[in-house]
Every structure is written in C-alpha cells, then in structure tokens.
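Me: I'm new to reading protein models and would like a close look at one part of this one. Could you pick a spot where two pieces pack together and walk me through it?

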Amino acid sequence: RTLDLDIGRAVALLDSGVPSVMCHAVRFLSECVEKTHKEGEIAREGGLPALIRLLQSPDLRLKTATAILLAKLSKKQNPLLVAQMVEASIIEALLHLLSSKEHIDILRQAAYMLHNVTRERMVQNAMLNV
C-alpha cells in the first residue's frame, strides 16, 4: 500500500512546475512500471493527462523521460490503459511531436508509442472519429 501512496505523490509532483522535481517523479514512475507493474495506478491517480502535457515541456530531459515512460506504458498493451491514453489525447500529442523538429530520441519514442497505441483495434476505431 505504501507504493500506491508513493505513486500518488509522484503523480501530484508532475504538476509542480519545477522541471527537476517533475523529472524525478517521471523517473520514479518509470521505475514503478518496470519493477512493480503498477501502470494502472498511474492512470487511477490521474497521471496520464499530466504526462501527456509534459511531452510539450521545453526541458529536454523532462520531455525525454516522459516519452520513455509513456512508451513503457503503451508497450503494456493493456486495452483499458490504452483507451485511457487515447482519452487523454495521446494520439494528438504524438502527432504534434512527430511533426516537430524534436530531438531524435524523442521522435523515436513518439513513433514507438504511436505504433503501440494504434495496434489496439478499439484505438484504431477511435482514430477514425478524431
């Protein structure tokens, strides 16, 4: 239960406005996804919209860490998680990133996420309605 509280605190820090704090929170959440498979907790705590907003951050380290975390989440192929990502406008955010002149590592992660997210049939159907 302590880990759930830590995930909630980390999600809250995503809106702190301090790039170094937000970057540490993103890296903590990324480690949670890798080691504890608690990706659902991030969504339940409301972290997806904040993470997707962070893809627009001017801070390259923060944007890269966020892209890596979202790529890990998209890799899970959890239909509910993918649906929540789509609802939080990840497809629009990824298309925006891919049309920009971002760092190659961020573009690579964005392309990977878009591939993972659009693999789900329900997401493909949702894209037709965008």
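**Two helices side by side**

Reply: Let's start with the whole chain: among contacts with a separation of 6 or more, 65% are between residues 24 or more positions apart. Keep in mind that this is a predicted model. The chain has 9 helices and 0 strands, so along the sequence you read α-α-α-α-α-α-α-α-α. Of its 130 residues, 45% count as buried.

Now for the close look, at helix 2 (residues 19-36) and helix 5 (residues 60-75). Two packed helices are described by the angle between their axes and the distance between the axes. Here the angle is about 20°, and the axes lie 9 Å apart. Angles under 35 degrees count as roughly parallel, and helix 2 and helix 5 are therefore roughly parallel to each other. The crossing of helix 2 past helix 5 is left-handed.

Which residues do the touching? From helix 2 come Pro19, Met22, Cys23, Val26, Arg27, Leu29, Ser30, Val33 and Glu34. On the other side, helix 5 brings Arg61, Leu62, Ala65, Thr66, Ile68, Leu69, Lys72 and Leu73. Sort the residues of this contact by type and you get 11 nonpolar, 2 polar and 4 charged. If you wonder about the spacing of those numbers, an α-helix has 3.6 residues a turn, so residues three or four places apart point the same way.

Let's zoom in on one of them, Ser30, which sits in helix 2. Buried means under 20% relative accessible area, and Ser30 is buried, with a value of 7%. Setting aside neighbours within four places in sequence, Ser30 is in contact with Ile68, Leu69 and Lys72. Those three partners are listed among the helix 5 residues that meet helix 2.

For a bit of context, look at another helix too. Helix 7 (residues 90-98) has Ile90, Ile91, Ala93, Leu94 and Leu97 as its buried residues. Viewed down the axis of helix 7, these fall within an arc of 160°, so they line one face of the helix.

Finally, try a loop. Glu45 is in the one between helix 3 (39-44) and helix 4 (47-54). With 37% relative accessibility, Glu45 counts as partly exposed. Glu45 and Gly8 are 37 residues apart along the chain, yet their C-alpha atoms are separated by 5.8 Å.

Definitions and conventions
Residues numbered from 1 in each chain as written. Predicted model: local features only at pLDDT ≥ 70, side-chain atom pairs only at ≥ 80, totals over all residues. Heavy atoms only, no water. Axes fitted to C-alpha atoms, helices over the stretch in contact; angles between N-to-C directions. Helix = DSSP H or I, 4+ residues; strand = E, 2+ residues; numbered from the N terminus. Parallel < 35°, antiparallel > 145°, perpendicular 65-115°, else oblique. Left-handed = near helix turned anticlockwise from the far one by under 90°. Contact = heavy atoms within 4.5 Å. Nonpolar A, V, L, I, M, F, W, Y, C, P; charged D, E, K, R; others polar. Buried < 20%, exposed > 50% of the residue type's maximum accessible area, 1.4 Å probe, protein only. Arc of directions from axis to C-beta.
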